[in-house]
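I opened a fresh notebook page for this one and kept my entries short. Come along and look things up with me.

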Amino acid sequence: MSKVIVVTSGKGGVGKTTTTAALGSALAMHGKSVVVVDFDVGLRNLDLIMGAERRVVYDLINVTQNQAKLHQALIRDKRLENLWLLPASQTRDKDSLNEKGLGRLMKELKAQFDFIICDSPAGIERGAILAMRHADEAVIVTNPEVSSVRDSDRIIGLLDSKTEKAEKGGKVEKHLLITRYDQSRAGRGDMLKIDDVLEILLVPLLGVIPESEQVLRASNIGQPVTLANPMSAPARAYSDAARRLLGEAVAMNVPHERYNLISRIFGGRAA
Amino acid sequence: MSTSRMSLRLLGRSYLAFVLAPDPPFDEWLAELDARLLHQSAFFSNRPVILDLAALSPTMAETQHVVAAIESRGLRLVAVEGVNADWVSPRLAPLPGTPMPIGMFNPRELDNKPPPRQSRFSLAEKPDLNKPAASLLVEEPLRSGQSLIFPQGDVTVIGSVASGAEIAAGGSIHIYGALRGRAFAGTNGNAKARIFCNRFDAELLVIDGLYKTADDFDPALRGAQVQARLDRDVLNVEVFH
């Protein structure tokens, strides 16, 4: 059974693309065939984080508009052979996406892959709506601060009304992923606590990704953080989250100071 | 507590308005309207007009064309009905239905199809206050940006009302969860309406037009189980067990 998962947030800059790449590669490392799809038409980034920016020939728009076949646009990852990328177009905008072509593409992807992970653009406009349109599940990426939490709340409302599943009377299964979490700042009250976020959003927690320079370092060398430095705290948190997506019961380790220390030690060695 | 602020009322009021409902073909209908305006130029003078486009089922471009055509004839358009809310300027946004569906989304807007005709509570109809009070049960949390309007009676929410969400009810509002958004009770002029919630953190409370904002609430009430009710012309929020 293939699954379509949208990674969404409402707010920009919270870590949707990082999460898409990290979860996609973690699921691929677990032996699943995975495609990560960039829906941020006009502002594509996923190709950079996947380290495939020089290999883009055809893109999502070409495929939905029948200008290219799906296999021409799919880019296979150089490290994991069961991980693929479908890049967005950088020269077009979100109006170039049409719903019909997208429905056809999603059907084709479902026939080929176990997991189709859609990297949503920020906002609540057409691009974000189309990214969630065919989702079976959603990973809602939230930073522990009020504006991000409120935007996520808004997106959850849209997941319950604008998706194909919701229109048919079903429900998109939702998972909350808290990113850029800093235990010491949460302790000082500079950040919302995890319990506060959960209480406001009322969505089951998929994982907590600690704030870490490893994430930035991985993006800059064009690698998902789970591949760049698998032992780092964020990579392990993403790997746990991926296992939970696969239905495994993994104990929730809310990152502590200790974790930051470990990541610093390993980070130092890897760099 | 400032008493001057307490005297400022937000009231819901019903009044009569003409409803213009063009039927296709629009050009013929417009010619008829023009003929009428020619002979009875004072007919619509200064009277509010609601445009009902359900029969015409126009596209977005056609909607704007029709609105422009009506306005260019000097008619005082106050609202448009029967089309997607996003197709007209916010000033003319379609009147809310009864009850308004949770979530503002209309999936058809992706295909530019007009929404199906639905029964609506419009300013042109007076609510029937003799009917027994209806009630609405909501078993989902209300998310930020969602707006629930139920002028017929009480609303009960099993869940929370998020910051940036709002509920307007003709009767009382009962929230078995946290109220972080806005609640309007007794919108039809019912001073006996009350608002109850299990965890109080509201942005705005209104009963029968009298309101209080977050700044007016006693900080000690935050997080408490409260009820809000009117005592003559004062909106009281108090701990309630």
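**Entry 1: a charged network in chain A.** I started with Glu99(A), Arg133(A) and Glu167(A), which are linked in a network of salt bridges. A reminder to myself before going on: this is a predicted model. I then asked for the total, and over all chains the structure holds 22 salt bridges.

**Entry 2: pairs that join separate loops of chain A.** I looked up Glu145(A) next and found a salt bridge with Lys11(A), the closest N and O atoms being 3.9 Å apart. This pair links distant parts of the chain, 134 residues apart. Glu145(A) sits in the loop between β6 (137–142) and α7 (146–159) of chain A, and Lys11(A) in the loop between β1 (3–8) and α1 (16–29) of chain A. Are these two buried or exposed? Neither label fits, because Glu145(A) is partly exposed with a relative accessible area of 28%, and Lys11(A) is also partly exposed, at 24%.

My second pair was Lys94(A) with Asp40(A), a salt bridge whose closest N and O atoms are 2.8 Å apart. Lys94(A) lies in the loop between β4 (83–86) and α5 (99–112) of chain A and Asp40(A) in the loop between β2 (34–38) and α2 (46–49) of chain A, so the pair ties together parts that are 54 residues apart in sequence. I checked the accessibility of Asp40(A) too: at 16% it counts as buried, because the cut-off is under 20%.

**Entry 3: helix α11 of chain A.** Which residues of α11 (residues 213–220) of chain A are buried? I noted Gln214(A), Val215(A) and Ala218(A). They cover an arc of only 100° around the axis, so they are on the same side of α11(A). On the face turned away from that buried side I found the exposed residues Glu213(A), Leu216(A) and Asn220(A).

I also looked at both ends of the helix. At the start of α11(A), a side-chain oxygen of Ser212(A) comes to within 2.9 Å of the backbone nitrogen of Gln214(A). After α11(A) comes Gly222(A), with a positive phi near 70°.

**Entry 4: unusual backbone.** A note for context: most residues other than glycine have a negative phi, and most peptide bonds are trans. With that in mind I went looking for exceptions.

Leu202(A) is not a glycine, yet its phi is positive, about 55°. I placed Leu202(A) in the loop between α10 (194–201) and β8 (205–210) of chain A, and at 43% relative accessibility it counts as partly exposed. In chain B, Arg232(B) also has a positive phi of about 55° without being a glycine. Arg232(B) is in the loop between β13 (226–231) and β14 (234–239) of chain B, and at 75% relative accessibility it counts as exposed.

Where did I find a cis peptide bond? It runs from Pro24(B) to Pro25(B), with omega near -5°. Pro25(B) belongs to the loop between β1 (18–20) and α2 (26–39) of chain B.

**Entry 5: chain B in outline.** I counted up the secondary structure of chain B and got three helices and 14 strands. Of its 241 residues, 43% count as buried. Among contacts in chain B with a separation of 6 or more, 40% come from residues 24 or more positions apart.

I picked out one salt bridge here, Arg229(B) with Glu238(B), the closest N and O atoms being 3.0 Å apart. Arg229(B) is partly exposed at 31% relative accessibility, and Glu238(B) is partly exposed at 24%.

Then I stopped at Ala93(B), in the loop between β3 (76–81) and β4 (134–138) of chain B. Ala93(B) is partly exposed, at 30% relative accessibility. Leaving aside neighbours within four places in sequence, Ala93(B) is in contact with Ala79(B), Val80(B) and Val88(B). The C-alpha atoms of Ala93(B) and Val83(B), 10 residues apart along the chain, are 9.0 Å apart.

**Entry 6: where the chains meet.** How many residues of each chain take part in the contact? I found 18 residues of chain B in contact with 20 of chain A. The area buried between the two chains is about 1500 Å², with carbon and sulfur atoms giving 48% of it.

The rule finds five salt bridges across this interface. One of the salt bridges I looked up joins Glu140(B) to Lys171(A), the closest N and O atoms being 2.8 Å apart. Seven residue pairs are in polar contact across the interface, both residues being at pLDDT 80 or more. On the side of chain B that touches chain A, I tallied six nonpolar, five polar and seven charged residues.

Key. Residues are numbered from 1 along each chain as its sequence is written. Chains are lettered from A and ligands numbered from 1 in the order in which they are written. Side-chain values use heavy atoms; hydrogens and water are left out. Contact means heavy atoms within 4.5 Å. Buried area is the accessible area (1.4 Å probe) that two parts lose on being put together, summed over both. A salt bridge is a side-chain nitrogen of Lys or Arg within 4 Å of a carboxyl oxygen of Asp or Glu. A polar contact is a pair of N or O atoms within 3.5 Å; within protein, one must be able to donate a hydrogen and the other to accept it, and residues adjacent in sequence count only if both atoms are side-chain atoms. Ala, Val, Leu, Ile, Met, Phe, Trp, Tyr, Cys and Pro count as nonpolar, Asp, Glu, Lys and Arg as charged, and the others, Gly among them, as polar. Helices (H or I, at least four residues) and strands (E, at least two) are DSSP runs, numbered from the N terminus. Buried means under 20% relative accessible area, exposed over 50%, partly exposed in between (1.4 Å probe, protein chains only). The arc is that of the directions from the helix axis to the C-beta atoms.
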